[in-house]
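Biologist: Can you walk me through this one? I'd like to start in the middle and work outwards.

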Amino acid sequence: MGTSSFSYSTVFSLLPKFQIEKHKILICKNMGNTAVEKPQIPLLTPYKMGNFQLSHRIILAPLTRQRSFNNLPQPHAVLYYSQRASKGGFMLSEATVVSDTAQGYPETPGIWTKEQVEAWKPIVDAVHAKGAVFFCQIWHVGRVSNTGFQPNGQAPISSTDKELTPQIRSNGIDVARFSPPRRLKTEEIPQIVNDFRIAARNAMEAGFDGIEVHGAHGYLIDQFLKDGVNDRTDQYGGSLENRCRFASEIIEAVTAEVGADRVGIRLSPFANYMESGDSDPNTLGLHLAKMLSRYGILYCHMVEPRMKTVGERSECPHSLVPMRRAFKGTFIVAGGYDREDGNNAVAEDRADLVAFGRHFLANPDLPKRFEVNAPLNKYDRNTFYLPDPVVGYTDYPFLDESA
């Protein structure tokens, strides 16, 4: 037998840097032959999130789909979510409305009525049948609404009475118009906090494993957090602590209801979506990370500073790393990630888990594609919000179908 040409230095030279730093090469000898076991990429390594054992770090981000007619999740959502479920995977539901004052978009699901809870159950069961962990994201849009979505045609509620200017919708054609909001009275705020609490309880009744509070992207909680919107003079406005009080009270209420180990929150301190910007997002994000740690919640899910508006990535000098260091639980990042970027975030300890939106929508088997480094289906933005129960929803092909 000749001398083997195998060399460790050759193997290491062929590996990306993150694989060398984060993973060992396992050498095994079998019947005199030397074999090299291919290292796992960081996104596909297991992770223990509280009491949940995850098999990989690729999360289905919360994606509004506008196919829940009359605020009821529909049977076609069973296929949509189960397609994207994998054993030990972690998934987030689309943003789910907490009350009849919380809606701002057509055909979005709710979780404030018994009928809605029952409609969610078969969807959750289908995800669990695939072995995935499923959290419900609960949502109040605040002033991102109009009287047509509100009970009795009333004004949308907010931290402010400042009106949003019309916005071009994601299709680049339609224009969304918003009614002047009504500033919540101080004594009304506990009722809104209670709406989140009840929604969290209902989500658990529907079978979800936990809940994510939607505190990002210019919706109601963000309207309290950001000094570009919040112009209140009571205990919910002015200082940083006061502006964070509403979010704090919601977290306190939902953790008391379902347990801190089943609660996460999504935040976007750097974003200016829906005219909700802050003059000092670094300080805001750091304060929130420290505040949330005191409640011991399961995770903090933050949107990257480079995503100033939804779907629009730009170069940015800011970083989530200080917030990652300050928060004591699982830290999830989102915002324009691809396979390489996500692997680097985990390898460099900038995140524990990475949420993928558009890529996961267009590739229901995204973890598998990342594993074999297969080409990705291209997403079609024009079909994101169609009411069709199939087109742009459950018709994206799997890898074996593409082949």
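Modeller: We'll go through some strands, one loop residue and two helix pairs. Keep in mind that this is a predicted model.

Biologist: Fine. Strand 8 first. How many of its residues are buried?

Modeller: Seven of its seven residues, so strand 8, residues 133–139, is mostly covered, with buried meaning under 20% relative accessible area.

Biologist: Which residues sit on each side of strand 8?

Modeller: V133, F135, Q137 and W139 are on one side. F134, C136 and I138 are on the other. Both faces are covered.

Biologist: Which strand does strand 8 pair with over three bridges?

Modeller: Strand 6, residues 90–92, and the sense is parallel. There, L92 has F135 of strand 8 as its bridge partner.

Biologist: And strand 7? How many bridges does that one make to strand 8?

Modeller: Two. Strand 7 covers residues 96–97 and runs parallel to strand 8. T96 stands opposite I138 of strand 8.

Biologist: What about strand 13? In what sense does that pair with strand 8?

Modeller: Parallel, over four bridges. Strand 13 spans residues 210–215. C136 stands opposite I211 in strand 13. F135 has G210 of strand 13 as its bridge partner.

Biologist: So F135 turns up twice. Is strand 13 mostly covered or mostly open?

Modeller: Mostly covered: six of its six residues are buried. G210, E212 and H214 point one way. I211, V213 and G215 point the other way.

Biologist: Which strand is joined to strand 13 by five bridges?

Modeller: Strand 14, residues 263–267, running parallel to strand 13. E212 is matched there with G264 of strand 14 as its bridge partner.

Biologist: New topic. Where does Y105 lie?

Modeller: In the loop between strand 7 and helix 4, the helix at 114–129.

Biologist: A loop residue, then. Buried or exposed?

Modeller: Y105 counts as buried, because its relative accessibility is 10% and the cut-off for buried is under 20%.

Biologist: What is Y105 in contact with, beyond its neighbours within four places in sequence?

Modeller: Q66, W139, V141, V144, F149, R169, Y219, Y273 and M274. W139 you've met already: that residue belongs to one side of strand 8.

Biologist: How far apart are Y105 and T64?

Modeller: 9.2 Å in space, C-alpha to C-alpha. In sequence they are 41 residues apart.

Biologist: On to helices. At what angle do helix 8 and helix 9 pack?

Modeller: About 20 degrees, with the axes 11 Å apart. That makes helix 8 roughly parallel to helix 9. Helix 8 is residues 245–258 and helix 9 is residues 281–295.

Biologist: Is that crossing left-handed or right-handed?

Modeller: The crossing of helix 8 and helix 9 is right-handed. S248, I251 and E252 of helix 8 make the contact with M291, L292 and Y295 of helix 9. By class, that contact has four nonpolar, one polar and one charged residues.

Biologist: And helix 5 against helix 8? How do their axes cross?

Modeller: At roughly 35 degrees, coming within 9 Å. Helix 5 is residues 189–205. This crossing is right-handed too.

Biologist: Which residues meet there?

Modeller: From helix 5: I189, I192, V193, F196, R197, A200, R201 and M204. From helix 8: F246, E249, I250, A253, V254, E257 and V258.

Biologist: How many of those are polar by class?

Modeller: No polar residues in the contact of helix 5 with helix 8. There are eleven nonpolar and four charged.

How values were computed:
Residues are numbered from 1 along each chain as its sequence is written. This is a predicted model: local features need pLDDT of at least 70, side-chain atom pairs count only at pLDDT 80 or more; totals for chains, interfaces and linings use all residues. Side-chain values use heavy atoms; hydrogens and water are left out. Axes are lines fitted to C-alpha atoms, for helices over the stretch in contact, and angles run from 0 to 180 degrees between N-to-C directions. Angles under 35 degrees count as roughly parallel, over 145 as roughly antiparallel, 65 to 115 as roughly perpendicular and the rest as oblique. A crossing is left-handed if the near helix is turned anticlockwise from the far one by less than a right angle, and right-handed if clockwise. Contact means heavy atoms within 4.5 Å. Ala, Val, Leu, Ile, Met, Phe, Trp, Tyr, Cys and Pro count as nonpolar, Asp, Glu, Lys and Arg as charged, and the others, Gly among them, as polar. Buried means under 20% relative accessible area, exposed over 50%, partly exposed in between (1.4 Å probe, protein chains only). Two strands pair if DSSP finds at least two bridges between them.
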